[in-house]
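Trainee: I would like to learn how to read a protein model step by step. Could you take me through one and give me the general idea before each case?

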Amino acid sequence: MSSRFSLQNIPAGATGVLLTDLDALVRNYEKLAELAAPAECAAVVKADGYGVGAGQVGRALAGAGCKTFFVATLAEGVRLRAELADTVIYVLDGLFPGSAGEFAGSNLRPVLGDLAEIDEWSEFCRSSQREMPAALHIDTGMNRLGLKTDGRKTIVSEPERLNGIPLSPIMSHLACADDPDDPKSEMQRADFVSVLANLPNAPASLANSAGIFHGKGFHFDLVRPGIALYGGNPFANRDNPMEPVIRLYGRVIQTGLAKAGETVGYGAMLKLDRDTHYAAVAIGYADGFFRALGSSNKYPGAVAYADGCPAPILGRVSMDLTVFDITDLPEGSVQRGGFLELIGDRFTVDDAARLAGTIGYEILTSLSTRYHRIYSGGGPPARGA
Ligand SMILES: *Cc1c(COP(=O)(O)O)cnc(C)c1O
């Protein structure tokens with residue numbers, strides 16, 4: 001990547017740079033698609049493509065042959081439709097009361113999750129005299145969205161409620177796929193199979209990223225990876241099988257020397273045990289660089305890198321600033337106006353997540369709009385670029 005990407009031509013005022021390697025994203029997609037074949041591989045691009053940019057991600061994946069996308073909200077669907085004319089787009093939140101016309105207007109498919117939504121969509125199809133496809137969500141143990149026990153019984157005993165709605169796919173969602181040893185996934189799979197047997201014949205979909213790695217029995221007709229596309233580890237306790245997609249760089253706005261015995265940052269949480277050269281970087285928790293990544297004398301924190309050399313964080317992360325120890329770096333390698341790598345191959349999205357007590361999903365979706373965003377690879381350039 002470094003060969004194709006240089007931190008030159010960055011706007012002088014940019015405090016941080018978020019680099020997305022769309023070629024790596026496409027390779028991750030191809031890996032998942034190959035695992036899932038002959039099932040179709042969709043892409044989940046909710047929350048602006050997990051914070052990375054739904055338009056850029058969508059175009060790159062469509063260029064690689066992805067035909068089906070999932071977003072969370074109607075507004076996300078409308079925006080993605082403007083980028084991708086000829087794809088199937090599902091809205092996971094389903095139908096809000098009175099929103100059917102907007103779905104139809106942007107050629108979006110709701111994921112119907114309860115009887116009221118089914119009735120409303122069916123009525124809309126009837127009154128507009130069009131058969132518009134929708135997905136049907138069955139709850140198999142998540143207790144979040146989807147038809148639960150009563151709704152499942154009703155739809156089996158009154159299948160006419162689905163009249164006029166071409167169902168594609170019938171889907172459910174795994175609660176514990178990130179732990180391959182958790183028996184809940186197999187219970188959900190078996191339950192899903194039993195519901196499918198009582199519903200009209202339609203394509204089926206169960207697996208998220210981690211579910212794809214559970215084997216053929218979980219693939220059905222369509223898989224729905226999200227996090228793995230973006231290089232996040234789909235597993236809680238296994239090595240990451242995916243390739244990193246994002247890199248984050250923070251601008252050094254000042255360097256300085258602090259004496260042994262002095263402290264760094266708010267709360268004076270870190271007392272220095274040696275004279276320390278430091279770099280103040282213009283990235284903070286308001287950029288999604290979590291406050292929990294800070295260090296104290298008791299706890300180590302995030303580690304930034306310059307040319308592959310580690311620069312450990314010093315003290316607390318402030319709103320817009322973070323300080324790193326550059327004492328052990330070659331002299332002159334970190335200068336005012338330069339950059340430190342805050343997230344990359346060495347300190348990954350998942351390393352940041354572990355340290356912050358969260359998951360890679362939250363690190364990605366918290367990435368700030370303040371970053372100057374660069375996309376490398378991914379086929380033809382963006383529309384209007
Ligand atoms: C977010 C989501 C996915 C993708 O999950 P990942 O774990 O990111 O792969 C798939 N299906 C549904 C219903 C989702 O909400």
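Mentor: Let us begin with the words themselves: helices of at least four residues and strands of at least two are runs assigned by DSSP, and they are numbered from the N terminus. Keep in mind throughout that this is a predicted model. Counted in this way, the protein has 11 helices and 19 strands.

Trainee: How does the radius of gyration of the protein agree with that of a compact globule of 385 residues?

Mentor: The general idea is to set the value against a rule that depends on the number of residues. For 385 residues a compact globule would have a radius of gyration near 21 Å, and the protein has 24 Å, which agrees. As for its extent, the C-alpha trace spans about 75 × 45 × 35 Å along the principal axes.

Trainee: What percentage of the residues count as buried, and how should I read that word?

Mentor: A residue is called buried when its relative accessible area is under 20%, exposed when it is over 50%, and partly exposed in between. Of the 385 residues here, 51% count as buried. The accessible surface comes to about 17,300 Å², and 50% of that belongs to carbon and sulfur atoms.

Trainee: Is Tyr-371 buried or exposed, and where is its place?

Mentor: Tyr-371 has its place in the loop between helix H11 (360-365) and strand S19 (372-376). Its relative accessible area is 4%, so Tyr-371 is buried. Leaving aside neighbours within four places in sequence, Tyr-371 is in contact with several residues, including Gly-16, Leu-248 and Ile-283. Tyr-371 and Ile-283 are 88 residues apart in sequence, and yet their C-alpha atoms are 9.1 Å apart in space.

Trainee: What percentage of contacts join residues at least 24 apart in sequence?

Mentor: Among contacts between residues at least 6 apart in sequence, 66% join residues at least 24 apart.

Trainee: Which residues is Ser-122 in contact with, once its neighbours within four places in sequence are left aside?

Mentor: Ser-122 lies in helix H6, which covers residues 115-127, and with a relative accessible area of 6% Ser-122 is buried. Beyond those neighbours, Ser-122 is in contact with Arg-161, Asn-163 and Ile-165.

Trainee: Where should I look for a cis peptide bond, and what is its omega?

Mentor: One cis peptide bond joins Ala-37 and Pro-38, with omega about 10°, and Pro-38 has its place in the loop between helix H1 (22-36) and strand S2 (40-41). Another cis peptide bond joins Ser-168 and Pro-169, with omega about -10°, and Pro-169 lies in strand S8 (residues 167-171).

Trainee: Which residues other than glycine have a positive phi?

Mentor: Among them is Asp-48, with phi near 55°, which is found in helix H2 (residues 46-50). Ala-268 is one of them too, with phi near 45°, and Ala-268 is found in the loop between strand S12 (263-264) and strand S13 (270-271). At 40% relative accessibility Asp-48 counts as partly exposed, and Ala-268 is partly exposed with a relative accessible area of 40%.

Trainee: How many bridges join strand S15 to strand S16, and how do the strands run?

Mentor: Two strands are said to pair if there are at least two bridges between them. Four bridges join S15 (residues 303-306) to S16 (residues 309-312), and these strands run antiparallel. The bridge partner of Val-303 in S16 is Pro-312. The hairpin has two residues between the strands, and in this hairpin Asp-307 takes a positive phi near 50°.

Methods: Residues numbered from 1 in each chain as written. Predicted model: local features only at pLDDT ≥ 70, side-chain atom pairs only at ≥ 80, totals over all residues. Heavy atoms only, no water. Rg over C-alpha atoms; globule rule 2.2 N^0.38 Å. Buried < 20%, exposed > 50% of the residue type's maximum accessible area, 1.4 Å probe, protein only. Contact = heavy atoms within 4.5 Å. Areas by Shrake-Rupley, 256 points an atom, 1.4 Å probe, with all protein chains shown as cover.
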